Amino acid sequence: MPNARVGTVISVSFFIYPAAAVFNHDYGERAKWIYRSLSNGGKIKLGIFNHRGGAGMKGFGRLSLIFWLLFALATVWRPSFAVAADGQEETVITEWQMSWAEERPDLSTKADRLSSLQHQRWFPVHAGEKHPVPEHVRAAWIKIKLPAIESNRTGLYIKEIIGQNLYAYIDGEEIYSSERDYVQTRRKLLLSLTAEDSNKELFVFLSYPNKSFLVKNIIFDEYRVLQKKYLTPILTDIILGSSLILISLLMLFCLLFIGRSFHKAWSSLAILILTTGLIIIGDGTIPYLDRDSFGQLWTNIFDQSTNILPISLFIFLEAFIGRGPKSIISKFIKIASIVGVLNVIAFIFDIITKSKYFGYMYHLMTFLYLLLLLASVIVIAAVLLVRSIQKNNYAIIISGGLLAFLVICSTELFWFYLQGQDHRFYFWKWGALVLISCFIYVLGKMIYDNFRKASEYAQQLEIFNIELQKSGKMEVISQLAASVAHEVRNPLQVTRGFLQLIGSKNIQLNEKNYMALAINELDRATEIINDFLSFAKPQKEEMTNLNLNEEFQHIIDILTPMARQNNGSFKVHFNGKLWIRGVSSKFKQAIINIIKNSIEALPNQGKIEVFGYIYLEEVYIVIKDNGEGMTEDELRQLGKPYFSKKDSGTGLGLMVSFNIIKSMDGDVEYNSVKGKGTQVTLKFPMLKI
């Protein structure tokens, strides 16, 4: 059976090789085995990248999807390694012996080690028992009686052991050593044993144990089985942390392509995700590291990530829910920054003093950091509550994520105390991912909302520009109309009067026809001038209640002869009594202008139908014809000065009609298909009688 395959977001060999390389003793071989597995795709195949090594971010939502898939992969489907069965069964040792030491003895030679071991005061210890470390104790010995070992591929595994430096001896010979030149006591221990070690005594020396010493179970089993248990936790944390780091790096790269208005929220969230990923990797890898395997580096990265995380969190919240009451969010950004700076100063001081005052600095900075976290949770919860009550959607979403995070962390903390403080915190990562997912969703929603508002603003700006152009043209027409009205209309009336006077005399028939033609043209010119005057000096007439049934009866009487003259029919269908507010004469003028255009566009045996009805407290009038119709370009030109499909038209009649309808709080909409006809929909506020 081939080994199970695990997907991850990057090739994690970069992280695992240096970590595994420091597992001491034969851990170099173990590291090479992992590295080969990762690189040749045989044992463990890592990567959601395709064989070309590429992955594109085609949408913001895909980040969140990848994020959750990787998390489910890392937490549910853990790495599985093939194990060659050789009959070795797991043996659990539940009892061994311990001895305290005030100072580290001289263990440089085999004779020194054997001599030191003979003078130790041993006492029995059972698995799971806690033993307070006496004052002035700086080291401890563990003596384990090895069982019978049948295979040369047997291993011993201690899941958790406390000590800064670890050494293991059999018969005075050193089989394992791991030293740290920095203060960090969390450890895991995996040893390789052979059949020659059967029934011998294994001595483990550790320096600087914690205040409370605890070893759970000591397990013997086939080496590769124990290797799986040993490596699975670090692989899980590296996969999960690396996924977060990649997402954050992608987000930081995307800063090159997004607007400056999003930089604050986007960059702070990217840094928050980055620090969370580094904390997860650091928390998972610290037990595996020592002086020669970047242990100090990862410990420092872990510490500084915890400093940066609250700062980026508050900056992100400020971008969405504001500065808070009395600028409390902004103040906490400064407070978190001050604590971070103090932590850096303490770190530098610790390096200068070679950890001489590490205990004091550690407790002081831990107290300040925990105090900051507690105050931060209270402040964030209070501000989110206020903003949620104010119906801030961003605050409501973030509140949900924060609540889930606090519930998960509180449950795990309760379980920690229930287990006698013997539980390693793990499920807080679920809560952190839920909270980060809420942050990603909120950021995506903010970008979408801003894009939608920008689109709406662009549409409104376009409409405003169109209206502005229309108003400019109207102003020109108004000035022109006022000038023409005064300068032209009076001479036209005088000319018409003289033509009528001449026509009343005895003149030849053809001359009378000329006179009649001239008078008709003068009347047409006067009508155009009157249209201009409608724009130049619109008359404010008193609005009255209009019964559309009666109004359209008058309109039918006027337009029916014209429709018949064009071989068309004209029908009106009204659903009950329809009432609106308006000016009767103006309303008739507007409707007649619109219907006249329909009549003039009718083919032989054409028809015009008018429908009237009420919908959602508005009166609709639909005028429908089967005339020649219009193109989209022609529809866009309707209502503009001088646009007309008639050879002798000016376009002013439709402009007058649109203005009349608008003055009555109405709307007009044209729909037309070339060669099939036109439909005009008028909409007015309904008048309840």
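Colleague: What makes Arg323, Lys326, Lys331 and Lys334 a positive surface patch?

Modeller: This is a predicted model, and in it those four residues form a positive patch on the surface. Lys and Arg count as positive, and like charges are joined within 9 Å when their residues have over 30% relative accessible area and no salt bridge. Take Lys334, which sits in helix H8, residues 328-352.

Colleague: Why is Lys334 called exposed?

Modeller: Its relative accessibility is 60%, and exposed means over 50%, so Lys334 counts as exposed.

Colleague: Helix H8 comes up again with Val341. What makes the nonpolar patch there, and how much area does it have?

Modeller: Ile338, Val341, Leu342 and Ile345 make it, with about 350 Å² of surface. For nonpolar side chains, the joining distance is within 5 Å.

Colleague: Is Val341 exposed or partly exposed, and how do you know?

Modeller: Val341 has a relative accessible area of 48%. Partly exposed runs between the 20% and 50% cut-offs, so Val341 is partly exposed.

Colleague: On to charges that meet. Why is the contact between Asp449 and Lys445 called a salt bridge?

Modeller: The closest N and O atoms of Asp449 and Lys445 are 3.1 Å apart. The rule asks for a side-chain nitrogen of Lys or Arg within 4 Å of a carboxyl oxygen of Asp or Glu, so this pair forms a salt bridge. By that rule the count comes to nine salt bridges.

Colleague: How are Asp449 and Lys445 placed along helix H11?

Modeller: They are four residues apart in H11, residues 428-503, and therefore separated by about one helical turn.

Colleague: Which of the words buried, partly exposed or exposed fits Asp449, and which fits Lys445?

Modeller: Asp449 has 12% relative accessibility and counts as buried, because buried means under 20%. Lys445, at 22%, counts as partly exposed.

Colleague: What about Arg452 and Glu456: how do you know that they meet in a salt bridge?

Modeller: Their N to O distance is 3.5 Å, and the limit is within 4 Å, so the side chains of Arg452 and Glu456 meet in a salt bridge. Both lie in helix H11, four residues apart, about one turn of the helix. Arg452 has a relative accessible area of 33%, so it is partly exposed; Glu456, at 35%, is partly exposed too.

Colleague: And what does the salt bridge of Glu617 with Lys688 tie together?

Modeller: The closest N and O atoms of Glu617 and Lys688 are 3.6 Å apart. Glu617 lies in the loop between strand E16 (606-615) and strand E17 (618-625), and Lys688 in the segment after E19, so the pair ties together parts that are 71 residues apart in sequence. Glu617 is exposed, with 54% relative accessible area, and Lys688 is exposed with 62%.

Colleague: Which residues do salt bridges with shared partners join into one network?

Modeller: Lys445, Asp449, Arg452 and Glu456.

Colleague: Last topic, the strands. How do you know that E18 and E19 pair?

Modeller: Strand E18 (residues 667-673) and strand E19 (residues 677-685) have seven bridges, in the antiparallel sense. Pairing needs at least two bridges, so E18 and E19 pair. One example is Val668, whose bridge partner in E19 is Leu682.

Colleague: What do E18 and E19 form, and what is the phi of Gly675?

Modeller: A hairpin, with three residues between the strands; Gly675 in the turn has a positive phi of about 90 degrees.

Technical notes. Residues are numbered from 1 along each chain as its sequence is written. This is a predicted model: local features need pLDDT of at least 70, side-chain atom pairs count only at pLDDT 80 or more; totals for chains, interfaces and linings use all residues. Side-chain values use heavy atoms; hydrogens and water are left out. Accessible areas come from the Shrake-Rupley method with a 1.4 Å probe; for residues, only the protein chains shown count as cover. The place of a charge is taken as NZ of Lys, CZ of Arg, CG of Asp or CD of Glu. Helices (H or I, at least four residues) and strands (E, at least two) are DSSP runs, numbered from the N terminus. Buried means under 20% relative accessible area, exposed over 50%, partly exposed in between (1.4 Å probe, protein chains only).
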